[in-house]
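Hi everyone, thanks for making time this morning. I'd like to walk you through one chain, so please have a look at it before I start talking.

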Amino acid sequence: MGKYSGILICSDYDETLAVRSRVSNENKEALKYFCENGGAFTVISGRRLGFIREYASDVGINAPFAGLNGSYIWDFETGETLHCTELDRSTLYPCLEYMKAHEKMAHMVLFSNENTVKIIKKDGGFSVTSHDSRDDPTESEFFSSVSINEEATESNSRILDSFLKGRIYKFVVGIPKKEGDEDFLIPEKKILTDLTQNKLAASRAWPYAIEFQSKEATKGKAVKFIKEYVKADVSIGIGNYENDLSMVEDADIGVAVANSCPELLAAADRVVKDYREHALRDLIENLNTII
């Protein structure tokens with residue numbers, strides 16, 4: 001037993017725990033101290049297992065990891081998938097048709113646990129490229145241009161057909177990053193949700209993209225599952241943007257970093273420092289005033 005026994009911290013990754021995909025030494029040291037003294041820590045993220053293994057293997061995760069916004073939950077200790085929920089793939093097609101007809105909609109990215117397929121609107125149709133499990137698109141990469149050649153164009157159907165045979169957990173639709181368009185997708189989120197017959201949970205991970213996954217696979221449901229799995233007494237969910245809202249609301253204590261969007265700041269029970277100022281260290285150093 002330690003001073004933090006019974007406490008579970010579930011953190012978003014980008015712009016909460018990490019700066020440009022990297023976790024500061026200050027956050028690492030604080031998390032090491034927290035875990036060595038009985039605490040349980042994990043990441044609940046839109047990222048996938050391969051990415052977390054690559055960039056956060058030394059962060060001190062000692063509770064199951066939830067990837068793709070809670071679509072699957074993985075136990076590092078046993079190597080087992082504890083829970084996974086696919087999305088209804090029939091919801092992809094009306095969104096693709098809407099994207100094709102919409103002037104500003106430019107990209108869709110489909111996520112399995114192993115691969116990513118990026119669909120880019122091009123000359124009245126689509127171009128399709130695939131990436132491996134460690135190649136999660138960052139915000140800037142999501143909007144990067146892709147060189148198209150005849151071979152790539154001809155292979156669109158083959159790439160998509162192969163991908164659609166597997167499990168799809170999440171897809172993202174987006175517009176090009178442009179000043180003044182930060183709020184453009186807010187009404188579009190409702191339109192796209194209606195097109196999917198309200199079968200999916202929808203949220204923005206950053207201003208220019210909307211993430212969709214099963215309603216049964218949210219960060220909020222993940223924090224509840226992990227709390228029960230590790231038999232924690234109290235759960236803390238910390239994040240920064242719309243896709244963290246369910247985690248902050250469904251945790252026993254919801255925490256927002258200072259750089260959070262207004263919706264998350266309003267929902268949180270507590271606010272800690274900006275992610276660039278080692279927010280997880282600030283949270284752990286002040287746990288005695290939070291719990």
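I'll begin with the overall picture, then move to the cores, and finish with a handful of individual residues.

One thing to keep in mind throughout is that this is a predicted model.

So, the chain as a whole. Its secondary structure adds up to twelve helices and 16 strands. The radius of gyration is 19 Å, close to the 19 Å that the globule rule gives for 291 residues, so the chain is as compact as a globular protein of that length. If you line it up along its principal axes, the C-alpha atoms fill a box of roughly 60 × 40 × 35 Å.

How much of the chain is buried? Buried residues account for 54% of the 291. As for contacts, if we take those with a separation of 6 or more, 60% of them join residues 24 or more positions apart.

Now the outside. The accessible surface is about 13300 Å², and carbon and sulfur atoms contribute 45% of that. On charge, we have 35 positive and 47 negative side chains. The centres of those two sets lie 1 Å apart.

Let's go inside. The largest nonpolar core has 65 residues, and the ones touching the most other members are F41, M108, F171 and L283. Let me pick M108 out of that group. Which residues does M108 contact once we leave aside its neighbours within four places in sequence? On one hand there are L92, C95, L96 and M99. Then come V117, K118 and I119, and finally F171, V172 and V173. You'll notice that F171 is there too, and F171 is itself one of those residues touching the most other core members. Apart from this core lies another one, of 13 residues, including C10, A63, A66 and I226.

While we have F171 in view, let's turn to T91, which sits in the loop between β7 (80-84) and α3 (92-101). Is T91 buried or exposed? Its relative accessibility is 2%, so T91 counts as buried. Beyond its neighbours within four places in sequence, T91 is in contact with F171, T196, K199 and L200. Take L200 from that list: T91 and L200 are 109 residues apart along the chain, yet their C-alpha atoms are separated by 8.2 Å.

Staying in that part of the sequence, strand β12 covers residues 200-206, and W206 lies in it. W206 has 14% relative accessibility and therefore counts as buried, the cut-off being under 20%. Its C-alpha atom is 8.7 Å from that of N243, with the two positions 37 residues apart along the chain.

Next up is F65, in strand β5. F65 is buried, with a relative accessible area of 0%. What does F65 touch, again leaving aside neighbours within four places in sequence? From the earlier part of the chain, it contacts T42, V43, S45, R47, R48, L49 and I52. From the later part, F65 contacts Y72, I73, W74 and F76. T42 is 23 residues away in sequence and 5.7 Å away in space, C-alpha to C-alpha.

If we follow β5 (65-67) onward, we reach the loop that leads to β6 (72-75), and N69 is in that loop. N69 has a positive phi of about 60° although it is not a glycine. N69 is also buried, with a relative accessible area of 1%.

There is another residue with a positive phi to show you, and that is R20. Phi of R20 is near 50°, and R20 is not a glycine either. Where does R20 sit? R20 is in the loop between β2 (18-19) and β3 (22-23). With 80% relative accessibility, R20 counts as exposed, whereas N69 is buried.

My last stop is K32, in helix α1, which spans residues 25-36. K32 is partly exposed, at 45% relative accessible area. Its C-alpha atom is separated by 6.0 Å from that of G60, 28 residues apart along the chain.

That's my tour, and I'm happy to go back to any of these residues with you.

Conventions
Residues are numbered from 1 along each chain as its sequence is written. This is a predicted model: local features need pLDDT of at least 70, side-chain atom pairs count only at pLDDT 80 or more; totals for chains, interfaces and linings use all residues. Side-chain values use heavy atoms; hydrogens and water are left out. Helices (H or I, at least four residues) and strands (E, at least two) are DSSP runs, numbered from the N terminus. The radius of gyration is taken over C-alpha atoms; the globule rule is 2.2 Å times the number of residues to the power 0.38. Buried means under 20% relative accessible area, exposed over 50%, partly exposed in between (1.4 Å probe, protein chains only). Contact means heavy atoms within 4.5 Å. Accessible areas come from the Shrake-Rupley method with a 1.4 Å probe; for residues, only the protein chains shown count as cover. Lys and Arg count as positive and Asp and Glu as negative; His and the chain ends are not counted. The place of a charge is taken as NZ of Lys, CZ of Arg, CG of Asp or CD of Glu. A nonpolar core is a set of buried Ala, Val, Leu, Ile, Met, Phe, Trp, Tyr and Cys residues joined through side-chain atoms within 4.5 Å.
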